[in-house]
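Here are a few exercises to work through with the viewer open. Try each task before reading its solution.

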Amino acid sequence: MEHSVVTPRPIRHAPGQQNDPAGWACGVGAHGLDLAFTAGADPVDELAGLGRWSMVRQTSQMRLSAVALQLLGVGAGDAGERWAAKVVAEDTALLAETLSAISRHGSAETCEFRVIEDEQGIRWLRLQALAAAERPVATGMLTDITGAKRAAMRERFNFALTRYLIGTDTFDEAVYKIIHLVCEELGWDWGAFWALEHSGADEVLRCRHVWHTADRDYAQFRAAATALAVRPGEGLVGETWLEGRAQWVDASATHADMARVQAAQRCGLQSGFFFPVTYVAADGALHCAGVLEFFSVAPRQREAQLPGLAESISALIAQTAQRMIQQERVRVLAQTDEMTGLINRAHFHELLDAACEQGSPFGLLYIDLDQFKPINDGFGHAAGNVVLCQFADRLRGLAPAGAVVARLGGDEFALMAPAGLGESALDELAGAVLAAARTRFNYMGHELSVSASIGVGLFPQHARDTARLLHAADVAMYVSKRNGRNLVSYFGSENDMQQGAVAAQLLMLSALQDALQRDEFFLEYQPICDTQDMRVVALEALIRWRKADGSVVPPDQFIPVAEQSRLIVLIGRWVIEQVCRDLPLLQASGMPQIRVHVNMAAPEFLDSELPRELMAITAAAGIAPDRICLELTEGVIMQRIEKALPIMTELVRLGFEIGLDDFGMGYSSLSLLKALPISSLKIDRLFLRGVPHESNDCAIVRSIIDLGRNMKLRVVAEGVETDAHLGFLRQFGCALVQGYLPGRPVRLAPFLASMPEAAIGGRHAAR
């Protein structure tokens, strides 16, 4: 229970009291002791707040100085009363035991106890005794430690509050935790949070969260609070919100909001404290997030802990609210196509996954604009962007309720029809999309014409998962293009293009198996540099494939094919082994602490044998595991989080580092990041393209930098190609960069040849 303290009453002298030469007088005390007290206080004792006492051990006579009497709340005229009544009941046994030990043994005891007065509340006192085993008189000090106790309580409370809020995912959860913590830590019996809501044209405050102890019946009081709608300025809550100041309420006093005060009193609640949750927003204005109220069964205590902590609580709630607003903005930006405002490819795939898991039939339209490239070539990209944005607006207008419209990239769009839309309605929708594409677009007075080729895939008729459904619709779209454009085509399993794609994939798999046997793979290394001096601190190993005829196959062509078979695991092991062969050469060239980042595919990282095999490879090569950082994407984790997380944990235990690649391409990491044992994250190059001119890209990059720094993660920005990129990243504290500006991927030998300059941070040498 919370209590507070006011200035002690002055010492009164009993009529006819006589002082001895030492300034002591006698009276009857507590705990079976004869209590003596002084008629006047020593100025030095008063200045130091130090109470002195002495005890004749054999006779149990105890003498108290005037300051000691003040601390105990006993006046000189009250010498006859039992001062033990001032001690909090829970502490009397401890105090009695301590005094008894001093009297019997003369031991050096210390006892901390509480005293209470009706008007002054609770104070903490410390009684200390000097060792007096060989002396008949024990002496010691009595001091007021209330300030130190309260400071320690505030520190514990703020620490607990901060710990509770770390990892809180929603604002409502954060507020409920705060109410619960205040009540339990500071001894309040009821707590509630009121927030502003719109009720028609009016704004009212409603009770959003309640916590109370279980020892009383609060059912009626709770029901009344949750049903109440308070206008700003009305009642205790409305006054607190409108005036922006805290206020105490005594249930025994008259108040304008007597109905609520009396309802609290019927539950046994005697005092309440109300304060606004305010913060200064980015625009410099003072905002009020709501009102917190707390009630106690104890009478009002004017120096309770809660008033002193109200400002800290408001600040932490405000920080939590702002953090969640920022996280939500990052999430929305990560899911949205910046130019058109439609859903982007990554999020559209997630929504398709969810629709396929639900299992209800639906149709997917894959839309590609015809004759779009000539507009870019003839009028510039600005004209092309206008066409894309206007077409996106037309798709929004055509989409039926429940449909999802996305831009997949370039001039490609997709429309996921709502579940249950029949084929005739789907035909009608596709025809409307064709008409919308044919309607001319206006750019600076010029009328621009395009058309659309549309492919339709049906779930589950044509495919039962996202990848195959997209493939089916894409194949059907190319049928429309082949047949003259401005058409709608449905996927057919007999389609030649599909068969050709399958054949090409089989051929690619055979060629990859041969490549492993013929040692046709090789590695290139791209520097990861310190932002400030461009010193190379790490490298990323990038696999390349040079076929027997000398042609180089881009990784984005063969890696997806390899991931569909066991080959990706074999290729991944080859990469680790080659890195372990190259690391000693790098370390011997003046980079003993160099770290190499290695990309991991989903099938590799879901292999339970991965930790054991990687440890065997590094041990055989004499390489410390912490010299290797295994990079994986959010998609790898989300495929099988229950299996991926134990593997990650074991790898970190063995000494490997784990980095999160392409961060920001999905929102799953925002909820999982706190649980993942990662040491670094990479900002996807997609977000850096618009830096520093596109505000949304800048916002995302800054948010990720701040998030990584606050979580003590190394943040690497990929795709750094211009001085403007580098300047922006330096300005906002990104520690590491990777891209064509700091250095292009090169074979090991050329990189080692450049080391004399690169090692001292020469940017052009690294390039």
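**Exercise 1.** Why does Glu 293 count as buried?

Some ground rules: this is a predicted model, where local features need pLDDT of at least 70, side-chain atom pairs count only at pLDDT 80 or more, and totals for chains, interfaces and linings use all residues. Residues are numbered from 1 along each chain as its sequence is written, and side-chain values use heavy atoms, leaving out hydrogens and water.

*Solution.* Start with the cut-off: buried means under 20% relative accessible area (1.4 Å probe, protein chains only). Glu 293 has 0% relative accessibility, so it counts as buried. Next, place it: Glu 293 lies in strand S13, residues 286-296 (strands are DSSP E runs of at least two residues, helices H or I runs of at least four, numbered from the N terminus). Finally, check its side chain, which makes a polar contact with the side chain of Trp 190 at 2.8 Å (N or O atoms within 3.5 Å, one able to donate a hydrogen and the other to accept it; residues adjacent in sequence count only if both atoms are side-chain atoms).

**Exercise 2.** Find which residues of helix H25 are buried, and work out where they sit around the axis.

*Solution.* Scan residues 723-731: the buried ones are His 725, Leu 726, Phe 728 and Leu 729. Now look down the axis: they fall within an arc of 165 degrees, so they line one face of H25 (the arc is that of the directions from the helix axis to the C-beta atoms). Then move past the helix: H25 is followed by Gly 733, with a positive phi near 85 degrees.

Terms used. Buried < 20%, exposed > 50% of the residue type's maximum accessible area, 1.4 Å probe, protein only.
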